[in-house]
Amino acid sequence: MWDYTDKVRDYFFNPVNAGVLETANAVGEVGAISCGDALKLMMKVDPETEIIEAAKFQTFGCGSAIASSSALTEIILGKTLDEALKITNQDIADFLGGLPPEKMHCSVMGYEALQAAVADYRGEVWSDDHEEGALVCKCFGVDEGMIERAVRSNKLTTPEAVTNFTKAGGGCLTCFERIEGVLAKVNEEMVGEGLLSFDEAYRIGSVDPRSLKQKAKPKAAVGSTPVETAATETRKPVISLDALEKAAAATVVVGSAAEAALQPAIGLPRYTTVQKIKLIEEALEEIRPVLKKDGGDCELIDVDGANVIVKLSGACVGCQMASMTINGVQEKIVAKLGIPVRVVPVK
Amino acid sequence: MTVTPVYLDNNATTRCDAEVVEAMLPYFTEQFGNPSSMHAFGASVGGAVKAARASLMKLLGAEFDHEIIFTSGGTESDNMAILSALEAMPGRDEIITSAVEHPAVLSLCAHLEKTRDVKVHVIPVDGRGLLDIAAYRAALSEKTAVVSIMWANNETGTIFPVAELAELAKEVGALFHTDAVQAVGKIPLDLKSTQIDMLSLSGHKLHGPKGTGALYVKRGTRFRSLFKGGHQERGRRAGTENTPGIVGLGKAAELALIHMEDEVTRVAALRDRLEKGILQRIPNCFVTGNPAERLPNTANIAFEYIEGEGILLLMNREGIAASSGSACTSGSLEPSHVLRAMNIPYTAAHGAIRFSFSRDNTDADVERVLEVMPPIIEKLRALSPFWKGANEAPATFNPVYA
Ligand SMILES: Cc1ncc(COP(=O)(O)O)c(C=O)c1O
Ligand code: FES
């Protein structure tokens with residue numbers, strides 16, 4: 001049985017605004033055939049103010065699809081169409097106190113029905129441009145479609161980059177080979193379409209998953225926001241970690257901190273603290289332009305054994321990608337020093 | 001008011017019988033010996049394993065006790081049989097299976113096709129779940145290493161004519177394996193009178209412990225072990241025996257034989273009454289599979305225009321447990337491959353509910369389900385954009401599909 005929040009259960013067992021709205025003047029009908037879910041959203045919009053005065057739904061779908069639909073009708077009530085259009089699927093999931101990763105598509109369906117209903121009212125044609133696929137990463141609720149889009153639109157060629165852009169693979173890593181498979185497949189297609197050179201394309205087996213660092217832990221599946229960006233949005237990270245990765249990869253071939261940490265400290269370079277600080281400063285200097293471009297900065301505060309204490313500032317603070325920025329910085333510093341260190345951010 | 005729970009999901013797993021648990025307990029404590037040991041601690045345990053093998057042999061109608069290999073369950077047995085056959089049948093690199101097998105067979109076949117250049121023929125079924133025998137005959141050849149076709153389907157209960165299918169396989173010299181995980185303990189079997197070479201069974205489907213099972217391998221069948229190691233199970237399944245589990249499985253087999261009569265009469269009657277009652281009380285629903293050749297305990301009913309998970313959630317609130325072929329309960333996004341293979345429209349496949357009985361069920365269980373189902377279905381249909389009313393064509397509803 002799914003781990004539904006009480007709110008999901010409540011909206012499923014006692015859905016509000018279910019049924020047909022006879023006075024509707026905006027209707028959105030959407031569905032996902034693979035999942036068998038379908039939703040009809042009916043709204044009554046005031047032509048003067050464009051305020052949604054009434055909304056009802058009919059849903060063919062599972063418990064969370066029904067709950068998401070019902071929640072949607074409550075969320076949009078009293079909003080203008082323009083306000084309503086800003087609602088994302090994440091807002092619907094948040095309203096319900098979170099959805100299991102496998103069920104995020106139910107909230108996407110609500111988002112789409114709303115877009116379709118507004119388009120219907122405005123006499124526009126709405127077409128669904130997103131395709132979902134089988135769930136690849138359970139920790140972060142990332143499906144195949146999302147990985148494909150991230151790989152295509154950002155020309156990703158490494159599993160690490162996929163993790164940085166989508167979070168897939170940032171947890172238990174049991175999904176690594178599936179991520180790798182999707183990446184290799186899409187890269188191959190991109191080579192065929194002339195979007196990528198043959199040498200750039202990722203090939204299965206070229207990254208050893210054991211060399212991947214331990215990333216941020218996912219939040220609990222329920223009651224949280226497993227996917228930070230709506231599935232339908234094109235993902236545009238605040239900081240281009242791709243660029244960071246490239247910079248790091250260019251200088252050194254050493255593996256990551258985690259891998260290095262696992263190995264006995266034989267043959268590793270030894271530095272005095274002053275030497276260390278100097279090299280770290282150099283590393284930060286090299287990343288700085290990338291951070292600055294996105295309106296952020298990173299300052300060295302202290303070096304305590306293997307811990308490198310830094311302070312993020314500007315746009316980096318509180319940004320969703322902060323933990324990934326830290327990872328990028330860490331990678332860079334490790335590459336520079338050739339010894340394992342841990343980058344710890346302070347406020 | 002506290003409601004007594006009604007468990008109708010016995011094809012998923014069964015309650016381990018109290019007698020089974022009792023029989024197992026000593027093998028965790030005083031009877032802890034390793035059956036391979038020379039001393040007295042081992043010897044008495046060895047005797048218990050032998051007895052368990054004998055009762056399983058009786059349940060299956062096997063000719064010899066060494067035809068039983070104890071395993072960790074249905075999945076292991078299925079993998080063991082197919083992988084063994086590929087290795088033991090040189091010059092043959094094709095598998096024949098059906099579209100409605102359990103993933104323990106289908107995923108393995110897909111994997112072998114991808115990684116070992118094995119050709120897999122997947123035999124389709126018709127709308128009632130009957131196997132396309134012409135396609136099966138056409139697929140059989142001198143290249144067939146093994147046929148793996150289930151005895152009874154876990155979702156619909158439909159029974160395949162495996163004895164005849166095995167004879168056809170024999171004609172081309174192929175091995176015949178059947179996944180009988182759902183059939184063993186529910187219908188009488190007599191393997192010695194068939195040409196079936198290998199058969200998988202699982203303990204937890206017949207009121208035995210989970211993580212136990214067996215593979216029947218007919219005497220003289222070429223066999224290669226899956227695990228390499230000690231000489232246990234005559235070298236065919238290395239690893240110290242799960243003695244408590246084996247003893248439990250033996251006891252479960254013994255009890256299954258005792259209750260067989262009940263299973264095919266009373267339990268079947270309960271199932272029939274539930275099925276009839278639902279069809280009478282609820283419009284726009286139908287039985288899937290082949291009612292003429294079916295397990296006595298299984299009913300699979302598709303409720304049109306609604307989705308299974310919602311039904312299960314509402315049933316669960318009433319204390320009733322069943323399962324669904326809907327996509328959303330599996331997390332796979334795909335509706336049941338079994339119902340899809342049968343070409344059931346998706347507006348019905350997603351609303352298919354499987355009720356599976358066991359000897360633990362009673363008349364009162366049926367009453368209770370018949371009482372709660374109509375309002376549950378009605379409630380969900382009121383929410384459905386497809387629903388227009390009883391025996392009406394579905395509402396015109398053409399969503400934009402992703
Ligand atoms: C037809 C069939 N085969 C195989 C299995 C797997 O058996 P086990 O759970 O013992 O691995 C099952 C049970 O889910 C089944 O129904
Ligand atoms: S499933 Fe992807 S990181 Fe755990």
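1. Axes here are lines fitted to C-alpha atoms, for helices over the stretch in contact, and angles run from 0 to 180 degrees between N-to-C directions. With that convention in hand, the points below describe chain B of what is a predicted model.

2. In this predicted model, helix 8 (residues 308-317) of chain B packs against helix 11 (residues 363-383) of chain B at an angle of about 135°, their axes lying 10 Å apart. Because angles over 145 count as roughly antiparallel and those from 65 to 115 as roughly perpendicular, helix 8 of chain B is oblique to helix 11 of chain B. The crossing of helix 8 of chain B with helix 11 of chain B is right-handed.

3. On the side of helix 8 of chain B, that contact is made by Gly310(B), Ile311(B), Leu314(B) and Met315(B), while helix 11 of chain B contributes Met373(B), Ile376(B), Ile377(B), Lys379(B) and Leu380(B). The residues of this contact between helix 8 and helix 11 of chain B comprise 7 nonpolar, 1 polar and 1 charged.

4. Helix 11 of chain B also packs with helix 7 (residues 243-281) of chain B, at an angle of about 20° and with the axes 10 Å apart, and these two helices of chain B are therefore roughly parallel to each other. Helix 7 of chain B, too, passes helix 11 of chain B in a right-handed crossing.

5. Where these two helices meet, helix 7 of chain B brings Leu270(B), Arg273(B), Leu274(B), Gly277(B), Ile278(B) and Arg281(B), and helix 11 of chain B brings Asp363(B), Val366(B), Glu367(B), Val369(B), Leu370(B), Met373(B) and Pro374(B). The residues of this contact between helix 7 and helix 11 of chain B divide into 8 nonpolar, 1 polar and 4 charged.

6. Turning to the sheet, chain B holds an open sheet of 7 strands with mixed pairing, in the order 2-8-7-6-5-3-4. Strand 2 (68-71) and strand 4 (119-123) of chain B stand at its edges, each with a single partner strand, so one side of each is left without a neighbour in the sheet. From one strand to the next, the twist averages 20°.

7. At one of those edges, strand 2 of chain B runs antiparallel to strand 8 (residues 213-217) of chain B and is joined to strand 8 by 4 bridges, with Thr71(B) standing opposite Gly213(B) of strand 8.

8. Helix 4 (residues 103-115) of chain B packs on the sheet, where it touches strand 3 (94-98), strand 4, strand 5 (144-148) and strand 6 (175-179) of chain B, and its direction makes about 150° with that of strand 3 of chain B. Helix 6 (residues 162-171) of chain B lies across strand 5 and strand 6 of chain B, and runs at about 160° to strand 6 of chain B.

Conventions
Residues numbered from 1 in each chain as written. Chains lettered and ligands numbered in written order. Predicted model: local features only at pLDDT ≥ 70, side-chain atom pairs only at ≥ 80, totals over all residues. Heavy atoms only, no water. Pairing = 2+ DSSP bridges. Contact = heavy atoms within 4.5 Å. Parallel < 35°, antiparallel > 145°, perpendicular 65-115°, else oblique. Left-handed = near helix turned anticlockwise from the far one by under 90°. Nonpolar A, V, L, I, M, F, W, Y, C, P; charged D, E, K, R; others polar.
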